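User: Please examine how the helices pack in this structure, and justify each term applied.

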Amino acid sequence: MQKISTIFLLVGALALAACNNPNRYGNGAGGAGGAGGAGGIGAGALGDPSNPNSPAYFQQTIGDTVHFVVDQSTLTPEAQATLTQQATWLNKHPTYTAIVEGHADEQGTREYNLALGARRASSVQQFLVAQGVSAARLKTVSYGKERPIALCSEESCFAQNRRAVTVLSAGAGS
Amino acid sequence: MKGNGLICRLGALAIAGAVLGAATSGAAAAPLHLEITDGVIEPMPFAAPTFLAEGGNAAEIAQAITQVIVSDLQGTGLFAQIPASAYISQVASFDAPVAFADWKAINAQALITGAVSDQGGRIAVKFRLYDVFSDAPLGDGQQMTGGEGDWRRIAHKIADQIYSRITGEGPYFDSRVVFVSESGPKNARQKQLAIMDYDGANVSFLTDASSIVLAPRFSQQGNKILYTSFETGFPRIKEMDLRSGASRALADLQGNMTFAPRFSPDGDTVAFSLEQNGNTDIYAMSLSSGQVRRLTDTPSIETAPSFSPDGSQIAFESDRSGTQQIYVMPAGGGEATRVSSGEGRYSTPVWSPRGDLVAFTKQNGGRFYIGVMRTDGSEERLLTSSYLDEGPTWSPNGRVIMFTRESPGATGTAKLFSVDISGRALHAVPTQGAASDPAWSPLLP
């Protein structure tokens, strides 16, 4: 028993030390959705989606999410159109940085899906960079199949879960 | 304190080797034996009267030990307990002669007798195994001792002895499983590392729920685990010392994510996946020198490396052909040979500790399967099938596989399941909540 509590304390300390991490999905915190949580922008600071200078405009009016075909990381014409607008916005608002999150649907093994999500995030990053966004402002991360946004086990949900989300953060690029 | 004490005591537990009773007749004419093959259909009936309480206040612990032994044996699907209500003979004393005729009459092929004493918190457990139809003991009687808190391990060790003597296979009940304990809704799943006995008992948590953790893996020495944590916001490999509970990140590597780690058999090397600019390849890192070596270099996804038991080769999955398939390459890298050849996608290869088979996940036609094949890809056999089965791990004797089975839908949850390599004895491993990503320890010392 003693041993177990020691382990807890240790892990707790490590977790605290890392509390300013970009992980807006820290276990259970937040769930899927738009910006918010540790690394994103708090819901209150998103602003008005009709104001073209607001993060809410980027997130909701342009759209922060693009979708992928099964097992693919190639950008569809729709995805390219959305990302072109994302790039324009990012180029106009150089104080924002972003983390591109790649996700996979549940029809794959855990580790492969992590790699597949990384491929998707990287496709988005490369497209944005090609549109003039500085690579230093964009990080990528993959959640594999760990954070679905739609919960059913049918293609209608899988299609929503095969996605990459560009999550804005305030602050200069590192 | 207590944790350290336990390890010491268990170190000293080592079968006291006290040989009880007369020497076995070396001539056992038609010895009791079970071959684990596809041919075994009918489980072997056995009788295990509740172990006798000898001295001290041992009745409760004697009953509990008997139950664990019975449960271990029955869980293999190879043995079936004859209910005590059918017994003609009672065992009144551990050393009394066995009335073989009475056990034959109820068709008990094996008889297990035992006695437990408990003095000042130290327990001593004696047992004997009889081949009823040969009128003879099978192997020597033995005594094991330990603290009261060790009673489950002693029971597993006795069940291991019985299993090994009858099947000729290596033991596996005295082992642990590290896994991911899951809670919360599907879109915000909380994940914590936990460890338990192979049968689901004695659970304790190794991490809290503050960040996602995935796919823990045991070292072959049993003292360390590797896992992937999102603690920094990005998937990174961590190593935990199970004795101290301390975790550390493996050296900071160039690249975005590191995941899918596995120890080499000697525990000195970690093979893993590293992702850079969207491309995932396999690398190996020496823990003693910190030196990192790239083992694959292709634009495809290479992941899930698993060493052969002699450390000379690595099985892994790659989608270089267009879909996930299993390949084998030298442990130092170099030319890889594709070994999976059936229809569908093959992933998560895990080399059996016996070296003879590779277990894998297969995906085909909207279903998932756990299967085994020879290391050259021949003799593929699928053992399970469901909406989502994945991530096999081997029992220490290479005869049983544990894996994750997840049910579909918004309320779908993950559970641990176990199956033997002939596809029998499929059963859920009891865990308090949802659980995934099991990794079996080597046999405990």
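The following exchange concerns two helix pairs.

Analyst: This is a predicted model, in which local features need pLDDT of at least 70, side-chain atom pairs count only at pLDDT 80 or more, and totals for chains, interfaces and linings use all residues. Residues are numbered from 1 along each chain as its sequence is written, chains are lettered from A and ligands numbered from 1 in the order in which they are written, and side-chain values use heavy atoms, with hydrogens and water left out.

User: Why are H3(A) and H4(A) called oblique to each other?

Analyst: The axes of H3 (residues 77–92) and H4 (residues 110–130) of chain A cross at roughly 55 degrees. Angles under 35 degrees count as roughly parallel, over 145 as roughly antiparallel, 65 to 115 as roughly perpendicular and the rest as oblique. H3(A) and H4(A) are therefore oblique.

User: Which residues of H4(A) does H3(A) meet?

Analyst: Contact means heavy atoms within 4.5 Å. Val124(A), Phe127(A) and Leu128(A) of H4(A) are met by H3(A) residues including Leu83(A) and Leu90(A).

User: What makes H2(B) oblique to H4(B)?

Analyst: In chain B, H2 (residues 59–75) and H4 (residues 151–167) pack at an angle of about 45 degrees, their axes 9 Å apart. H2(B) is therefore oblique to H4(B).

User: Is the crossing of H2(B) and H4(B) left-handed or right-handed?

Analyst: The crossing of H2(B) and H4(B) is right-handed, the term for a near helix turned clockwise from the far one by less than a right angle, whereas anticlockwise would be left-handed.

Definitions and conventions:
Axes fitted to C-alpha atoms, helices over the stretch in contact; angles between N-to-C directions. Helix = DSSP H or I, 4+ residues; strand = E, 2+ residues; numbered from the N terminus.
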